[in-house]
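Please load the model in your viewer and keep the selection box handy. We will walk through it stop by stop.

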Amino acid sequence: MSSESIGDFQPPGAFLKFLAEYGFRRRRPVQLIGDFEIHYLDLASLKLMAGHFVPFVIPKRLSGHKTLTSADVEAAVDEMQSALQNIDTDFLVLVFGGKVQHISENLRARFRAEQVAVLDARTIARVLPDKRQERKEDGNNRYRLNHELVQGLAASLGWRALSPYDPGTPVFGERFFGRKDALAEAMGNKRGGNVTILGSRRIGKTSLLREIRRRIEDMSPEKVRIADIYASTYHSTSDVLYAILRQIVRQIEADRLMQDPTIGQNFPQVLQSAAKGGGFRIAVFVDELDELLERDVRGGEELMKIFRATFQGEDNCRIFFAGFRRVMAEALRNNSELFNFTKKIHLRGLSREETREMVEDPLTLLGVDVHDDHVAIIYQETKGHPELVQIYCSTLLALTEENGRPPDSNDLVKQVVNSDGFRQRIYGTFMANANPYEALLTYLLIAQMHGLSQGADEFSFSLPQVDAVLTKADIELDVSEIEGLLTNLLMISITEKIDGTPNTYRFAVPALVSYLESQDLPFLTRKALQRAKRNLATPQSLWAEADKE
């Protein structure tokens, strides 16, 4: 758009129509409430904290004004907040076709506090393509449009309001990054197929499960029925079956079916008949399966037998599990009902390229000058652990907004690793994932690394070194048990294999090593040794369940 036209009147309705045609689809019909015309646009493709139903609001009495004062805008915000108070959204966008002459600092502060963005003729002109040039829908033009729109929103809301980084909470949709291979495995079979997602705690199993659910539902929402089961809250087979039925059929029908004493035997036919008779597909998602599975195994695997009879080989009925140690153990036990029932997807950290996407895409769109050094150091320190990557990104964004420029990579690392929140989170993740043997071996290897005067980036080890440090600590294990420990440490992302050097390992997350080094390592080692010796189970059986002391 030419500089002369910046600030000229821009019809707000035409602007929103352009956005909808350009890819930000209308997810709901245009709504009229009082003096306001509301267009719900899908901004999820921006990969920011902007979802599928962002309300863009046109105040009709001001829609034709070529210029507006700060008082006009504040009055519109007052009226909008009163009229639209029942709309559930992260933020609202007020769209004016005219130019807002001046916005006071107090009003800007109010925008941020009340999560209101204001777009006027100047922002609209920057977003719209130049009418004098041929319209090209290429990647560069698309990025320019996205960038200008996001800058317009951020001018009112601030960067952090649009940040997709929220460590510790499961994500899906607009805040979901990476996992392309895992999604392809889970979604690739058009005829169905059942899936078990395996991985350590906080590695992203729940997020992947929710993203699969969202994609299945989006494909044909009117032809799918979804049941969500958070397994750790259920204690019996009948509780689980009832919870599934209540989400698939009407409540009264679920109540009637559960009165049948043979519901366990008839459940497969009930669910399969519901799908075929109703002309829809059924997808059941079972998260945090471990505790429920352990109880079920002790009871003869009644629930898993029902699941297998219901979902195996069925095109219209699918089940998705997510779990950790116990689920891993049962998936490998050849006489288990879970064995060869589902496709297994093992989750570890994001790849280097997926980490780059998670760092660069949102931050660059927000206007942060992200350097290759930032991406490299974040991947080096986190090895793609999604939660840790988010901590680094949110810190990078906060420091840039606070100081007016991004920190250099070394300053970023210092800021993160010295923060109490990061240290508590990384140690909490370690303790949640590692059993006594794994924690002990980690401490012993760090002590050996110190003895060699090496850093985490140069220290490596293999089975003989592991045997030596365990024997010195009076822990005698055979080769298969040590191999099991090394496999466990790989699966919980404590270590990684070194490419090109067979059967050789190193620590995967330097930040964890740095934190443990800063603690009283002899004390931690002594307590872990006591717990390991007190626990009569072997390392293989501890694979099935983390220490609960």
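The tour starts with the whole chain and then moves to single residues.

**The whole chain**

Show the full model as a cartoon first, and keep in mind that it is predicted. The secondary structure comes to 25 helices and 14 strands. Along its principal axes, the C-alpha trace spans about 80 × 65 × 40 Å.

Now switch on the surface. The protein exposes about 25000 Å², and carbon and sulfur atoms supply 47% of that area. Of the 549 residues, 53% count as buried.

If you like contact maps, here is a number to go with yours: among contacts between residues at least 6 apart in sequence, 72% join residues at least 24 apart.

Colour by charge next. There are 68 positive and 76 negative charges, and the mean positions of the two sets are 3 Å apart.

**Into the core**

Hide the surface and select Leu 19, Phe 56, Ile 244 and Phe 307. These are the residues with the most contacts inside the largest nonpolar core, which has 141 residues. Then highlight helix H20, residues 436–451: this helix gives the most to the core, with nine residues.

Stay with Ile 244 and display its surroundings. Which residues does Ile 244 touch, leaving aside its neighbours within four places in sequence? They are Ala 227, Ile 229, Phe 267, Leu 271, Val 284 and Phe 307. Phe 307 is thus a contact of Ile 244 as well as one of the best-connected members of the core.

**Gln 272 and Cys 317**

Select helix H11, residues 263–278, and pick out Gln 272 within it. Is Gln 272 buried or exposed? Its relative accessible area is 14%, so it counts as buried, the cut-off being under 20%. Beyond residues up to four places away in sequence, Gln 272 touches Ala 309, Thr 310, Glu 314 and Cys 317.

Click on Cys 317 while you are here. At 1% relative accessibility, Cys 317 is buried too.

**Met 358 and Cys 393**

Go to helix H15, residues 352–366, and find Met 358. Met 358 counts as buried, at 5% relative accessibility. Setting aside neighbours within four places in sequence, its contacts are Tyr 165, Phe 177, Leu 350, Pro 386, Val 389, Gln 390 and Cys 393.

To get a sense of scale, draw a distance from Met 358 to Val 54. These residues are 304 apart along the chain, and their C-alpha atoms are separated by 22 Å.

Cys 393, from the contact list of Met 358, is buried with a relative accessible area of 0%. Having visited two cysteines, you may wonder: how many disulfides are there? The count comes to zero, where a pair of cysteine sulfur atoms would have to lie within 2.5 Å to be included.

**Phe 111**

Move on to helix H3, residues 105–114, and select Phe 111. Phe 111 is buried, with a relative accessible area of 1%. Show its contacts beyond four places in sequence: Val 73, Val 77, Ile 103, Val 116, Val 118, Ser 156 and Leu 157. A line drawn from Phe 111 to Glu 288 runs 40 Å, C-alpha to C-alpha, for a separation of 177 residues in sequence.

**Two positive phi angles**

Open a Ramachandran panel if your viewer has one. Lys 47 is not a glycine, yet its phi is positive, about 60°. Look for Lys 47 in the loop between strand E2 (36–41) and strand E3 (54–59).

Glu 301 also has a positive phi of about 60°, and it is not a glycine either. Glu 301 lies in the loop between helix H12 (290–298) and helix H13 (302–311). At 9% relative accessibility, Glu 301 counts as buried.

**Out to the surface**

For the last stops, bring the surface back. Arg 250 sits in the loop between helix H9 (237–248) and helix H10 (251–258). With 65% relative accessibility, Arg 250 counts as exposed. Its C-alpha atom is 46 Å from that of Arg 61, with 189 residues of sequence separation.

Finish at Glu 483 in helix H22, residues 479–491. Glu 483 is partly exposed, with a relative accessible area of 42%. Stretch one more distance from Glu 483 to Gly 367: the two are 116 residues apart in sequence and 47 Å apart in space, C-alpha to C-alpha.

Definitions and conventions:
Residues are numbered from 1 along each chain as its sequence is written. This is a predicted model: local features need pLDDT of at least 70, side-chain atom pairs count only at pLDDT 80 or more; totals for chains, interfaces and linings use all residues. Side-chain values use heavy atoms; hydrogens and water are left out. Buried means under 20% relative accessible area, exposed over 50%, partly exposed in between (1.4 Å probe, protein chains only). Helices (H or I, at least four residues) and strands (E, at least two) are DSSP runs, numbered from the N terminus. Contact means heavy atoms within 4.5 Å. Accessible areas come from the Shrake-Rupley method with a 1.4 Å probe; for residues, only the protein chains shown count as cover. Lys and Arg count as positive and Asp and Glu as negative; His and the chain ends are not counted. The place of a charge is taken as NZ of Lys, CZ of Arg, CG of Asp or CD of Glu. A nonpolar core is a set of buried Ala, Val, Leu, Ile, Met, Phe, Trp, Tyr and Cys residues joined through side-chain atoms within 4.5 Å.
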